[in-house]
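Trainee: Please look closely at one part of this model for me: the salt bridges. Then carry on into their surroundings.

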Amino acid sequence: MTTGRSLKLGEAGLGAAVLALGGFIAFQTAQAPGAANAVVGPALFPYLISAGLMAVGLALLREALAGKIAHGGGIELDGGAVALVSGGLIAQLLLLEWLGFVPASTVLFMIGARAFGSRRPLVDAVLGLALTGLAFTLFNYGLDLNLPLGSVFDSLAGAPD
Amino acid sequence: METLAALAAGFAVALTPYNLMWATIGVTVGTAIGVLPGIGPALTVALLLPVTYSLEPTSAFIMFAGIYYGAMYGGSTTSILLNAPGESGSIVTAIDGHAMARQGRGAQALATAAIGSFVAGTIATIALTFVAPLMVRMALLFGPAEYFALMVLALTTVTAVLGSSLTRGLASLFFGLSLGLVGIDLQTGQARLTFGIPELLDGIDTVVVAVGLFAVGETLYVASRYRFETEEIFALKGSKWLSREDWKRSWKPWLRGTFLGFPFGALPAGGTEIPTFLSYLTEKRLSKHPEEFGKGAIEAVAGPEAANNAAAAGVLAPLLSLGLPTSATAAIMLAAFQQYGLQPGPTLFDTNPDLVWGMIASLYIGNVLLLMLNLPMVGLWVKLLVIPRPWLYAGILVFATLGAYTLNNNVVDLVILWVIGLIGFGMRVLDVPVAPCVVGLILGPLAEQQFRRALAISQGDPTVFFTHPLSLSLLVIAALLVLAPVLLRAVRNRRGDRQAVGT
């Protein structure tokens, strides 16, 4: 159970993050070399946006401190499931170009299904393989897109492509 | 007459068997993906982008037109049977539509939504046909200063209108604008906020951000809430047809909804949310059975659903004729145009008439196809609702990553997708709307371009935005939209204080 109190912290965190992003953009823009030849240089808009971010960040902080938050009664969140899904995405992007689209995305499919309470990893694996295999065939042969086959298999198959 | 000739040429393009095939595929997959819970029209269009990469632009956009309308139809099914509106425009439909489904009248709710969408879609497409050329003519009078003011207005309406809190909307908007800064500045060639990562020089892709927020962020949120929520699906039973009474109670709301919806979509006035609410309130006031509203009144499905679809067609008018997206879905369509190196706007009507008019013509065709797809075959789409959630969301993740990767065949886009997804999850938990972020990301750089062009023409004189009457009035409207609620609240508070003192 995430309570009103931690949501209030989250809300304050949002304000702080927006404020920090504004400061960061202003800092980065000040660091960049200026271009003198244009009437309006490339720095004006970043400065405007960073000023806007900082103003909004302050307003959010004020609202958070005043207790004006979303889901005032608290909200239940399952952190484990979020971590699983996010981990699944990381696993896929690390494996993608090495193992290829089909195995990497099957891993993502299995982890994703697990996060939503599936307890049958084998069924998920078969379904994931079928789905990603179908997508791979359709996109690579039907639509001329290049989903990676995987560097491991490239050498095995000796495919020129 | 010129318009009719252009439209006829458009039909000649759209009715070739090849393009007709893409239109049919577009409406079918658009409906199929749009029906899936958790996937609104914006995400449907974003997820189906890769399917069009190998097509030439005209066919691709004919297919897009189908996907866009199909997703709107599919979305109403989800709101009615699952009470899970995929976007803000179907929230109102869900209230009474779901109540009807509970009473076993789901089929009638779906039918009045489908026929209403057809009526509204057709009338609004006719309106689009004639309004778009007018807007093009108007756009030719616009200089950079006016364009900039118009974009500011569009950004403001998207932000001020959506969501419950202006501050949260602005936070989302400015986050989107900051993402838009990343990449090479087009006028000076200077890199901004790229941190030395070469893949960032091209900027952050709108599609990656939209998929990150709508697919990954939403999936993370649903995962976090999954253990605590139950959902019920109500089977369709009994007669699938509208009774005479249903027809009688539906046709006027369809028409009224259409006439409310189209102008709101066509003016940069904040898309579909307001007209659907207005339509609901109008129907409630005019109805002989106001007590049924909220408990399954058919008018409350017919009107808002028509308004929603009419607004969706209306949104295409500023998108095509001014290059101005006023909803998240339109922002993704604009990104799709940019993928093909096309910039919607007055010149597009001159340079690519086949594409523009072929697309408009295929909207008419798509509407007819959708009516045929949705009335007799509704039972088939309903089956998609019962896909077990673990597989549905796992599949959404796979296709979200597929879409992001195929943009540039680049793992960096997947990293961005992951980061944006986590941010989207945070935004969802804290109730920050995501649409302003997507629109800000795509409009920000365009607005900056016009701003700098305007100042280059005026030789650095910033008063140019206030001395041009059109630009001034647009900026004043934008300022009022932001300030009016704040001022009203201040006045009300003061009045409240005085009353408190008086009693």
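Mentor: In this predicted model, Asp185(B), Arg192(B), Glu448(B) and Arg452(B) are linked in a network of salt bridges. Over all chains the count is 11 salt bridges, and 3 salt bridges are counted between chain A and chain B.

Take Arg168(B) next. Arg168(B) forms a salt bridge with Glu11(A), with 2.7 Å between the closest N and O atoms. This pair crosses between chains: Arg168(B) belongs to helix H8 (residues 166-181) of chain B, and Glu11(A) to helix H1 (residues 4-31) of chain A. Arg168(B) counts as buried because its relative accessible area is 6%, below the 20% limit. Glu11(A) is buried too, at 0% relative accessibility. A salt bridge also joins the side chains of Arg168(B) and Glu63(A), at 4.0 Å from N to O. With a cut-off of 4 Å, that distance of 4.0 Å stands at the limit as printed. Glu63(A), at 14% relative accessibility, is buried as well. This pair again runs between chains, from H8 of chain B to helix H2 (residues 44-65) of chain A.

Asp78(A) and Arg227(B) form another salt bridge, and their closest N and O atoms are 2.7 Å apart. Asp78(A) sits in the loop between H2 and H3 of chain A, and Arg227(B) in the loop between helix H9 (206-225) and helix H10 (244-266) of chain B, so this pair too joins two chains. The partners differ in exposure: Asp78(A) is buried at 12% relative accessible area, whereas Arg227(B) is exposed at 59%.

These pairs belong to a wider contact. It takes 67 residues from chain A and 66 residues from chain B. The area buried between the two chains is about 5700 Å², and carbon and sulfur atoms give 78% of that area. The model scores ipTM 0.91 and pTM 0.89.

Val85(A) shows a nonpolar side of the contact in detail. Val85(A) lies in helix H3 (residues 79-99) of chain A and is buried, with a relative accessible area of 1%. Leaving aside neighbours within four places in sequence, Val85(A) is in contact with Ala115(A) in its own chain and with Leu220(B), Ala223(B) and Leu397(B) across the interface. The C-alpha atoms of Val85(A) and Ile111(A) are separated by 6.6 Å, although the two residues are 26 residues apart along the chain.

Phe101(A) is a further place where the chains meet. Not counting residues up to four places away in sequence, Phe101(A) touches Val398(B) and Leu402(B), and within chain A its partners include Leu96(A), Phe136(A), Leu147(A) and Pro148(A). Phe101(A) and Phe465(B) have the most contacts inside the largest nonpolar core, which has 202 residues. Apart from it lies another core, of 5 residues, including Tyr280(B) and Phe293(B).

Chain A itself has 6 helices and 0 strands. Buried residues make up 40% of its 161 residues. Of the contacts in chain A between residues at least 6 apart in sequence, 68% join residues at least 24 apart.

In chain B, Thr52(B) is a polar residue to look at away from the charged pairs. Thr52(B) lies in helix H3 (residues 41-52) of chain B and is buried at 0% relative accessibility. Apart from neighbours within four places in sequence, its contacts are Ala60(B), Met63(B), Phe64(B) and Tyr340(B). Helix H13 (residues 328-339) of chain B is mostly covered, with 10 of its 12 residues buried. Among the buried ones are Thr329(B), Ile332(B), Met333(B) and Phe337(B). H13(B) reaches 17 Å from its first C-alpha to its last, close to the 16 Å expected at 1.5 Å a residue. Just after H13(B), Gly341(B) takes a positive phi of about 70°.

A word on confidence. Chain B averages a pLDDT of 87, and 96% of the residues score at least 70. Among the elements of chain B, helix H18 (residues 411-429) has the highest mean pLDDT, 94, and helix H21 (residues 469-502) the lowest, 76. Where pLDDT is low, the predicted coordinates should not be read in detail.

How values were computed:
Residues are numbered from 1 along each chain as its sequence is written. Chains are lettered from A and ligands numbered from 1 in the order in which they are written. This is a predicted model: local features need pLDDT of at least 70, side-chain atom pairs count only at pLDDT 80 or more; totals for chains, interfaces and linings use all residues. Side-chain values use heavy atoms; hydrogens and water are left out. pLDDT is the predictor's confidence in each residue, from 0 to 100. Helices (H or I, at least four residues) and strands (E, at least two) are DSSP runs, numbered from the N terminus. A nonpolar core is a set of buried Ala, Val, Leu, Ile, Met, Phe, Trp, Tyr and Cys residues joined through side-chain atoms within 4.5 Å. Buried means under 20% relative accessible area, exposed over 50%, partly exposed in between (1.4 Å probe, protein chains only). Contact means heavy atoms within 4.5 Å. The expected span of a helix is 1.5 Å times one less than its number of residues. Buried area is the accessible area (1.4 Å probe) that two parts lose on being put together, summed over both.
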